[in-house]
Amino acid sequence: MTQYESLVVVHPERGPRIKEFIERFQKVIEGQNGTVAHVDEWGLRDLAYRIENQAKAYYTLFHYQGTGQTVQELERNLKLTDGILRYMTVRVDETEQAAPTAPRAAPPVEGRAADEEKAKPEPQS
């Protein structure tokens, strides 16, 4: 079985029913012989751009194992469900799961800050 993640963006007026949506989609995954590893509820967040005149939406991330048929059935249900603004499913790379890497640090700014200091005109006395 393959690891997948599906991010679901729900209309803010449907937020109180988010638990129902989660249970429904878990049943869809399990009905296709998939297993739900974890569900992250991110809650109400700002959208990067308006979708259906909404500036905020509820985000939920599903981590699960399944087949291509599992993903197909989940996405079909998401498409047919009122209140789902957007969704996206990605396959999780097995190498990332085996050895997660630490986030990369931003490059040091020392060189740029030093150059800016040199470029400043010196006050005249």
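This passage describes helix α1 and the aromatic pairs of the structure, as seen in a predicted model.

Helix α1 comprises 14 residues, running from 18 to 31, and the distance from its first C-alpha to its last is 20 Å, close to the 20 Å expected at 1.5 Å a residue. Within α1, the residues I18, F21, I22, F25, V28 and I29 are buried. These residues are placed on the same side of α1, because the arc that they cover around the axis is only 125 degrees. The face of the helix turned away from this buried side carries K27 and G31, both of which are exposed. The elements that cover the buried residues of α1 include the strands β1 (2-10), β2 (35-51), β3 (54-66) and β4 (84-91), together with helix α2 (68-80). Just after the end of α1, the backbone at N33 adopts a positive phi of about 65 degrees.

The side chains were next examined for contacts between aromatic rings, and four aromatic pairs are present in the structure. One of them joins F25 and F62 in an edge-to-face arrangement, with the ring centres 6.3 Å apart and an angle of 85 degrees between the planes. Since F25 belongs to helix α1 and F62 to strand β3, this pair ties together parts of the chain that are 37 residues apart in sequence. F25 has a relative accessibility of 1% and therefore counts as buried, and F62, at 2% relative accessibility, likewise counts as buried.

A further pair is formed by W42 and Y59, whose rings are stacked, with 6.1 Å from centre to centre and 20 degrees between the planes. Here the partners come from two strands, W42 from β2 and Y59 from β3, so that the pair ties together parts that are 17 residues apart in sequence. W42 has a relative accessible area of 36% and is accordingly partly exposed, whereas Y59, at 15% relative accessibility, counts as buried because the cut-off for a buried residue is under 20%.

The aromatic residues also connect back to the buried side of the helix. F21 and F25, which are both among the buried residues of α1, form one aromatic cluster together with F62. In this cluster, F62 is the residue that lies in strand β3, and β3 is itself among the elements that cover the buried residues of α1.

Note on methods. Residues numbered from 1 in each chain as written. Predicted model: local features only at pLDDT ≥ 70, side-chain atom pairs only at ≥ 80, totals over all residues. Heavy atoms only, no water. Helix = DSSP H or I, 4+ residues; strand = E, 2+ residues; numbered from the N terminus. Expected span 1.5 Å × (residues − 1). Buried < 20%, exposed > 50% of the residue type's maximum accessible area, 1.4 Å probe, protein only. Arc of directions from axis to C-beta. Contact = heavy atoms within 4.5 Å. Phe/Tyr/Trp six-rings, centres within 6.5 Å; stacked < 30°, edge-to-face > 60°.
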